[in-house]
Amino acid sequence: MISPIVSVPRPGAPPGATSLVEALEGGAVLMFPDLDFPFSAFEERFVERPFADGKAKNVNIRGEAAELRGAAGTPEEQEALRQVLLRYRAFAQGLIDRYLPAYTGKLTLAGTSYRPFDVDRRKLSWRRDDTRLHVDAFPSNPIGEKRILRVFRNINPNGQPRHWRVGEDFGSMADKFLDRLPGYSPLSAKLLAALRITKARRSEYDHLMLHLHDALKQDMAYQESAPQADVHFAPGQTWVTFSDLVMHGAMGGQYMLEQTAYLPVTSQADAAKSPQRILAAKLGRPLR
Ligand code: AKG
């Protein structure tokens, strides 16, 4: 099955909160067509040209200090951009509290990013090429028993949509790739952590997800022929998805905001729908 897009319009009572969580955990993308996130006249400049040093893909803030990384501009402009990201972080938290209250107090907000570059024009290695269908996995930042929830918003000022492809459900994808992945070595995982190549021990789940991510992106026949659908997110639209579960690729668009959040698998309404438990079920044993 291809990941469904579930539209959640205002106003009125949010459609049954339980069913939104159910849809999200089942692999849907929740799309909010009309939430407000206004820019001031001063802030409009951030969608007129990229305020980025160009060294990294994105500009972001992380952690309590919310130090701005990868930005360009005067100190005043950089502080204003940081404030936009802080406001977006609060906006994402507000969305979760209103529409996904079951997760309030359980989610941890991580990085917030400003993505000012045109997707098409980024010249990246295949591994970093997010136009290829993939699920998210972080090489140096093991996720373990957490889920990756992301809140995206298209802030393009010229009507340009964020063009995504979404792919088939995680289980069907895993059936095609699981046999091809190399075995997990607890010893290598220990070594990577000791050498501080990873920030914590890479679990078997992290190992499988990294290799899935790479195998998917390298398989051009799969990229072209796998079940998939084009989705165009218009400016002003906000969308939320578990990006470790939903196969996605970004095909076009410029100027976007993104918030990452982590949710413990055990805080899900149904942990069996997590990629952690799906992979364990397919292997017929708990992951190490
Ligand atoms: C990702 O961050 O995993 C993406 O695929 C990028 C999404 C986007 O830039 O629209």
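These legends go with a set of views of a predicted model.

**View 1. The whole protein chain, for orientation.** Here you're looking at seven helices and 11 strands in the protein chain. Along its principal axes, the C-alpha trace spans about 55 × 45 × 40 Å. For 288 residues, a compact globule would have a radius of gyration near 19 Å, and the protein chain's 19 Å agrees with that. Buried residues account for 51% of the 288. As for the outside, the accessible surface comes to about 12,900 Å², with 54% of that belonging to carbon and sulfur atoms. The contacts reach a long way along the sequence too: take those between residues at least 6 apart, and 84% of them join residues at least 24 apart.

**View 2. Helix α3 meets helix α5.** Zoom in on α3 (residues 170–177) and α5 (residues 204–218), whose axes come within 11 Å of each other. The two axes cross at roughly 80°, and that makes α3 roughly perpendicular to α5, since anything from 65 to 115 degrees counts as such. On the α3 side, look for Phe 170, Met 173 and Phe 177. Facing them from α5 are Met 209, Leu 212, Ala 215 and Leu 216. What kinds of residues make up this contact of α3 with α5? The split is seven nonpolar, no polar and no charged.

**View 3. Helix α7 and what it packs against.** Helix α7 covers residues 275–283, and its buried residues are Pro 275, Gln 276, Ile 278, Leu 279 and Ala 280. Which elements do these buried residues pack against? Strand β6 (146–154) is one of the partners, and the helices α3 and α5 from the previous view are the others. Just past the helix, α7 is followed by Gly 284, which has a positive phi, near 75°.

**View 4. Ala 71 and its surroundings.** Find Ala 71 in the loop between β4 (67–69) and α2 (75–99). Is this loop residue buried or exposed? Ala 71 is buried: its relative accessible area is 14%, and the cut-off for buried is under 20%. Leaving aside residues up to four places away in sequence, Ala 71 touches Phe 51, Ala 52, Asp 53, Val 59, Gln 78 and Leu 81. While you're here, look for Tyr 114 as well: Ala 71 and Tyr 114 are 43 residues apart in sequence, yet their C-alpha atoms sit 9.2 Å apart in space.

Key:
Residues are numbered from 1 along each chain as its sequence is written. This is a predicted model: local features need pLDDT of at least 70, side-chain atom pairs count only at pLDDT 80 or more; totals for chains, interfaces and linings use all residues. Side-chain values use heavy atoms; hydrogens and water are left out. Axes are lines fitted to C-alpha atoms, for helices over the stretch in contact, and angles run from 0 to 180 degrees between N-to-C directions. Helices (H or I, at least four residues) and strands (E, at least two) are DSSP runs, numbered from the N terminus. Angles under 35 degrees count as roughly parallel, over 145 as roughly antiparallel, 65 to 115 as roughly perpendicular and the rest as oblique. Contact means heavy atoms within 4.5 Å. Ala, Val, Leu, Ile, Met, Phe, Trp, Tyr, Cys and Pro count as nonpolar, Asp, Glu, Lys and Arg as charged, and the others, Gly among them, as polar. The radius of gyration is taken over C-alpha atoms; the globule rule is 2.2 Å times the number of residues to the power 0.38. Buried means under 20% relative accessible area, exposed over 50%, partly exposed in between (1.4 Å probe, protein chains only). Accessible areas come from the Shrake-Rupley method with a 1.4 Å probe; for residues, only the protein chains shown count as cover.
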